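Dear colleague,

Please find below the structure I promised to pass on, with its sequence. My notes on what turned up in it follow underneath.

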Amino acid sequence: MKLSQYYIPTLKEAPKDADIISAKLMLRAGLIRKTASGIYEWLPLGIRILKKVENIIREELDAAGCCEVWLPVVQPQELWEKSTRWTYYGKELLRFKDRKGAGFCLAPTAEEVMTNLVMKDINSYKQLPLCLYQFGTKFRDEIRPRFGVMRAREFYMKDAYSFCADEKSAAQWYQRLYDAYMRIFTRFGFKFKPVEADTGNIGGNFSHEFMVLAQTGENEISVCPKCGYTANTEKTEIEAPAPANPKPEDLLPAQEVSTPDAKTIDEVAAFLKQPAEQFIKMLVYKADGKAVIVLMRGNDELNEIKLKKLLNATELEKAEPDFYEQTTGSPLGFAGPCGLKQRNADIKIYADNHIKTIVNGIAGANKKDTHLKNVNLGRDFQPDVFADLKLAAKGDRCPRCSAEFDFMRGIEVGHTFKLGTKYSLSMGANFLDENQQSKPMIMGCYGIGVSRVIAAAIEQSHDENGIIWPAPLSPFDVELIALDTQGEVRQKADEIYNALRAEGISVLYDERDERPGVKFKDADLIGIPHRIVIGKKLLPEGKLEYKARTAQKAEFWPIEGIEGRIKTLLGK
């Protein structure tokens, strides 16, 4: 492709609202343009990369025995009501009515419509197992779109769904798709890890996220260096610490202390000159509209996903100030667990396991500008339930082997779920088994964010000059630059361009009438792995300049046989 005929509107500077490196470089390199908040246009260069990602995924899923379909992005309300997600999915689901008043939504995912498709035609165990997949546009009305295409409202993804007759077959298909994902992300050229994860709005009882490792990743991953247990920190199970076992004489009498204008843990810790882990932090939440009290160590963060699962709650939200004060009977920032049951007998108190490690702790005294020192479990307060409620952090230990976790950052690009019968039961997707008994199909769900893969590739592989594409995702195999647009240099560059293309090598040919510096800057920005430069200086010697995108210096190669040498370099 000749660059003068190709639409690649590069930018010297990224727009001010581009908030991460992939968003900045995708805009500057002419892959995308912004239409509205969280909505992007994909330009020719970006489309080429999307199609490369798509083709690799398609090849591996077809090889795994999956079949491709094409599903509508506009889906009827009645299907979502059958699955019970019409209201449960929340405000991210963009709902609307057609001219006849019928309700529809823009698909954020495809469980309902795929299940509905299969249940129309599959009615016998002899037709199972089956796995269908599609590539399609999705829309989630994110409250705060950010990070370019990484967390956009409209995005392009692949989603697959397996339908099986029994648990054994369902487990086999989950493993088959898991293995296919391992091959897919390896073929992309990624450094990645599969990690155990929360199932979120999709549902089911087990899932893995596939994380591209990058320092800029929005997700933190817990990794056990001993047994290999790996999970998103939102999912990470934590070994319960050994509880403190103080002697009675070690328990000091409770003592009120004045803490004027100090509400937060950090403020009170600084005022009293005590470490945050000595504090008992009391949080108030609404679980399906009912008040819940949670106790955490001052230096620990509550994992809301763990709490929501423990409570089996549909909705969980932090209490607003008025509800907080009504529930605790105390001013905001000064509530503590002592005497709480006497003030509110109906309230249920949940505590993280690490609360058991605190001796002579510090908590709110249930009075304005006052805290209570020497608060002790059992003597001064008693939670109803202890549980693992903590977001994993440095110092926490693996529940399987007790080794201390390591942490790294990652970007989620794929997610696999064991759905079980969540959708087949609610929607009536049944089949007749060998005994002619009606049973619900057992499902799995497998997604890859195709547009997100591209942003993740850039986050993992770039430098100060631009993108560094892994070869399998690069929009072109080679960039060819002619430093002169006429005469012998142009003639020789044209010959090399045609010779490379004849060997099946894709070439971006920069024959524009631009200064060399402009061409080199654009080449580094776009990030194609191999660059060939034809200029007056080397041409009389029958040589050209070759530079790998990751190399510090260029090399000088003979022009003769260049197509064979490049072909060997590309492994073609």
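Please keep in mind while reading that this is a predicted model. I begin with Q436, which counts as exposed because its relative accessibility is 53%, above the 50% cut-off used for that word. Q436 sits in the loop that runs between β22 (430–432) and β23 (438–440), and its phi is near 60°, a positive value in a residue that is not glycine.

Two further backbone features of this kind may be worth finding on the display. F147, in the loop between β7 and β8 (154–164), likewise has a phi near 60°, positive although the residue is other than glycine. In the loop between α5 (111–121) and β7 (130–139) you will find P129, and the peptide bond joining L128 to P129 is cis, with an omega of about 5°.

Turning to helix α1 (residues 21–28), its buried residues are S22, A23, L25, M26 and L27, and the partners against which the buried residues of α1 pack are β1 (32–36), β2 (39–42), α12 (450–460), β25 (462–463), β26 (466–467) and α14 (516–526). Just after this helix, G30 adopts a positive phi of about 75°.

Finally, on the surface, V73, V74 and F96 make a nonpolar patch of about 190 Å². Of these residues, V74 belongs to strand β4 (residues 74–76), and V74 counts as partly exposed because its relative accessibility is 34%, which falls between the 20% and 50% limits.

With best wishes

Key: Residues numbered from 1 in each chain as written. Predicted model: local features only at pLDDT ≥ 70, side-chain atom pairs only at ≥ 80, totals over all residues. Heavy atoms only, no water. Patch = residues over 30% accessible without salt bridge, like charges linked within 9 Å, V, L, I, M, F, W, Y side chains within 5 Å. Areas by Shrake-Rupley, 256 points an atom, 1.4 Å probe, with all protein chains shown as cover. Salt bridge = Lys/Arg side-chain N within 4 Å of Asp/Glu carboxyl O. Helix = DSSP H or I, 4+ residues; strand = E, 2+ residues; numbered from the N terminus. Buried < 20%, exposed > 50% of the residue type's maximum accessible area, 1.4 Å probe, protein only. Contact = heavy atoms within 4.5 Å.
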